Amino acid sequence: MQCIKTKLEKLENTMEISLKVAIIGAGVSGLVAARELLREGHRVVVYEKSNQPGGTWIYDTRVESDPLGLDPKREIVHSSLYSSLRTNLPRHLMGFSDYPFTDRVYGDPRNFPGHEEVLKFLKDFAREFGLTELIRFETEVVRVERFDSGDDDYEWVVESRTSGASGEEEFQAVVVCTGHYAEPIVANLPGIEQWPGKQLHSHNYRVPDPFQNQIYHVYKDGTIEFQDGSRVYTDVIIHCTGYKYSYPFLRTNGIVSIDDIRVGPLYKHVFPPQLSPRLSFVGVAYSVGIFEVVELQSKWIARVLSSKAILPSEKEMLVDVEEHYRDMADRGVPKHHTHKIHPHKVLCPFLQLLIIRIVSRMFEYLDMIADLAGVPPVAKRIKEIHKRFLGLVFSSGIDTKRYRDEWDPNDI
Ligand code: FAD
């Protein structure tokens with residue numbers, strides 16, 4: 001009898017858990033999530049409203065009908081890239097642990113390449129790992145909702161639209177990878193409604209040509225007054241005031257909500273405790289090295305879904321989120337920095353100390369996710385490049401506008 005029991009236990013342990021998972025979005029986060037879920041034996045469908053993979057990295061010459069991006073009826077252009085954009089991180093920090101960007105050069109060999117190079121890299125990644133064929137292009141998700149399937153293990157219904165037709169499909173889990181640089185925030189400036197000039201959000205900036213000779217012209221009613229009383233005269237205001245998180249398709253009866261750029265509650269920026277592990281988010285955390293963090297978060301989700309990594313109880317996760325919020329409040333960190341991994345309110349007077357604080361917070365988060373997932377941490381060399389890079393950006397010793405061309409991370 002004991003022998004049969006042991007055999008059964010062994011069989012159970014070796015049985016693969018394979019779930020049917022919907023991934024929403026085929027940017028960096030959705031692509032790496034798809035790869036990690038596949039590697040764990042899950043069955044994956046990726047929904048993507050665009051006609052190609054790459055997300056933010058697909059440069060779009062179009063701008064939105066409302067240049068401030070406030071009209072809810074406008075057609076949303078997803079990418080915020082401008083034509084001349086070069087990466088602000090070296091390619092060494094924009095690859096995957098086993099698929100480095102440094103190994104692939106497509107025509108722009110610079111350490112900080114133009115955006116076209118990143119898109120080519122991501123498309124290659126999608127092709128090489130067989131992800132392209134899993135993506136349903138030009139298919140926008142309009143509703144994700146939990147339903148009671150009785151004994152059945154299917155929990156989520158995903159409603160999507162393609163070429164005007166809509167359809168529904170049931171899944172056992174959903175991973176949200178829709179990015180957070182498409183819904184502009186515009187500051188509320190008194191008197192702005194009387195502004196005679198042009199206004200736009202940086203989301204709708206593509207090329208400089210329309211603004212030639214327009215900056216800092218003396219203009220009778222074009223005065224902007226700053227808090228210190230100083231004034232400038234200008235024709236155009238470009239609002240570089242950031243973006244908000246937006247999940248218009250997600251129906252959770254208020255379990256997951258967005259309040260002042262806080263998506264919550266999310267355990268470690270990934271799992272909503274009451275709906276985990278069958279609902280998760282990749283890429284919500286920022287200021288941390290996006291490529292490393294989304295790869296680790298994806299591994300964590302994939303392993304939790306196959307029961308190789310175990311989450312704490314719902315109550316413990318909620319307590320953890322509350323502690324995070326309390327810690328932020330104690331340190332005077334505003335709510336809208338909830339998902340910023342190193343939310344420093346003021347610049348530390350000692351540069352070295354500031355850099356040490358920032359990198360230790362970043363690495364602390366990355367190491368914690370690796371540990372929770374039960375996978376190896378980010379490579380030491382990558383961490384060293386992050387450290388040196390931040391030192392370079394913050395230091396006054398080098399012209400930060402030119403650091404892209406003067407610094408060579410290959411020396412590390
Ligand atoms: P996204 O790339 O935004 O992808 C989300 C995808 O979801 C999109 O393809 C979108 O079409 C799809 N989607 C959204 N809603 C739906 C829906 N309802 N149904 C179906 N599909 C949907 N990072 C760096 O590492 N280095 C840099 O130099 C750098 N520069 C940047 C410059 C700018 C101007 C911006 C805005 C960001 C920059 N970033 C940079 C950060 C960048 O966002 C990340 O590199 C990365 O692209 C984030 O990927 P993501 O997959 O999370 O989101």
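User: Where in the chain does P265 lie?

Analyst: P265 lies in the loop between strand 14 (262-264) and strand 15 (279-281). Please keep in mind that this is a predicted model. The peptide bond leading into P265 from G264 is cis, with omega near -5°.

User: Which other proline in that loop follows a cis bond, and what is omega there?

Analyst: That would be P277, also placed between strand 14 and strand 15. The bond from S276 to P277 is cis, with omega near 0°. For background, most peptide bonds are trans.

User: What makes the phi of K268 worth a remark?

Analyst: The phi of K268 is near 55°, a positive value in a residue other than glycine. Most residues other than glycine have a negative phi, so a positive value goes against the general trend. K268 lies in the loop between strand 14 and strand 15.

User: Is K268 called buried or exposed, and what is the reasoning?

Analyst: Buried means under 20% relative accessible area. K268 has 17% relative accessibility, so K268 counts as buried.

User: What is the phi of D260, and why is D260 called partly exposed?

Analyst: D260 has a positive phi of about 50° although it is not a glycine. D260 sits in the loop between strand 13 (257-259) and strand 14. As for exposure, the partly exposed class runs between the under 20% of buried and the over 50% of exposed. D260 has a relative accessible area of 41%, and therefore D260 is partly exposed.

User: How do you know which class of exposure K308 belongs to?

Analyst: The same reasoning helps here. K308 has a relative accessible area of 45%, so K308 is partly exposed. K308 is placed in the loop between helix 4 (290-305) and helix 5 (314-330).

User: What makes the pairing of K308 with E40 a polar contact?

Analyst: The cut-off for a pair of N or O atoms is within 3.5 Å. The side chains of K308 and E40 come to 2.9 Å, and this pair is a polar contact. Leaving aside neighbours within four places in sequence, K308 is in contact with E16, E40 and R303. For a sense of scale, K308 and S395 are 43 Å apart, C-alpha to C-alpha, with these positions 87 residues apart in sequence.

User: Why is N204 called buried, and what does N204 touch?

Analyst: N204 has a relative accessible area of 6%, so N204 is buried. Not counting residues up to four places away in sequence, N204 touches V63, E64, D66, P67, L68 and G69. The place of N204 is in the loop between strand 8 (198-201) and strand 9 (223-225).

User: How do you know whether I382 is buried or exposed?

Analyst: I382 has 19% relative accessibility, and the buried class is under 20%, so I382 counts as buried. I382 is found in helix 7, and beyond its neighbours within four places in sequence, I382 is in contact with H92, L93 and E292. The C-alpha atoms of I382 and P409 are separated by 9.9 Å, with the two residues 27 apart along the chain.

User: What makes a group of residues a nonpolar core, and how many residues does the largest one have?

Analyst: Such a core is a set of buried residues of nonpolar types joined through side-chain atoms within 4.5 Å. The largest one has 73 residues, and I23, W57, F96, L122 and W300 have the most contacts inside this core. Helix 6 (351-373) supplies the largest share, 11 residues. In general, nonpolar side chains in soluble globular proteins tend to be buried together.

User: Which residues is I23 in contact with?

Analyst: Apart from neighbours within four places in sequence, the partners of I23 include G30, A33, V44, V46, V175 and C177. Another core, apart from the largest, has 24 residues, among them V45, W156, V174 and Y245.

User: Which residues come nearest to the ligand, and what distances support polar contacts?

Analyst: Of the 29 residues around the ligand, S29, E48, T56, H78 and N88 come nearest. A polar side-chain atom of S29 lies 2.6 Å from a ligand oxygen, and a polar side-chain atom of H78 lies 2.7 Å from an oxygen of the ligand. A polar backbone atom of K49 is 3.1 Å from a ligand nitrogen. The protein buries 91% of the 990 Å² that the ligand exposes when taken alone.

Notes. Residues numbered from 1 in each chain as written. Predicted model: local features only at pLDDT ≥ 70, side-chain atom pairs only at ≥ 80, totals over all residues. Heavy atoms only, no water. Near = heavy atom within 4 Å. Polar contact = N/O pair within 3.5 Å; in protein donor to acceptor, adjacent residues only side chain to side chain. Areas by Shrake-Rupley, 256 points an atom, 1.4 Å probe, with all protein chains shown as cover. Buried < 20%, exposed > 50% of the residue type's maximum accessible area, 1.4 Å probe, protein only. Helix = DSSP H or I, 4+ residues; strand = E, 2+ residues; numbered from the N terminus. Contact = heavy atoms within 4.5 Å.
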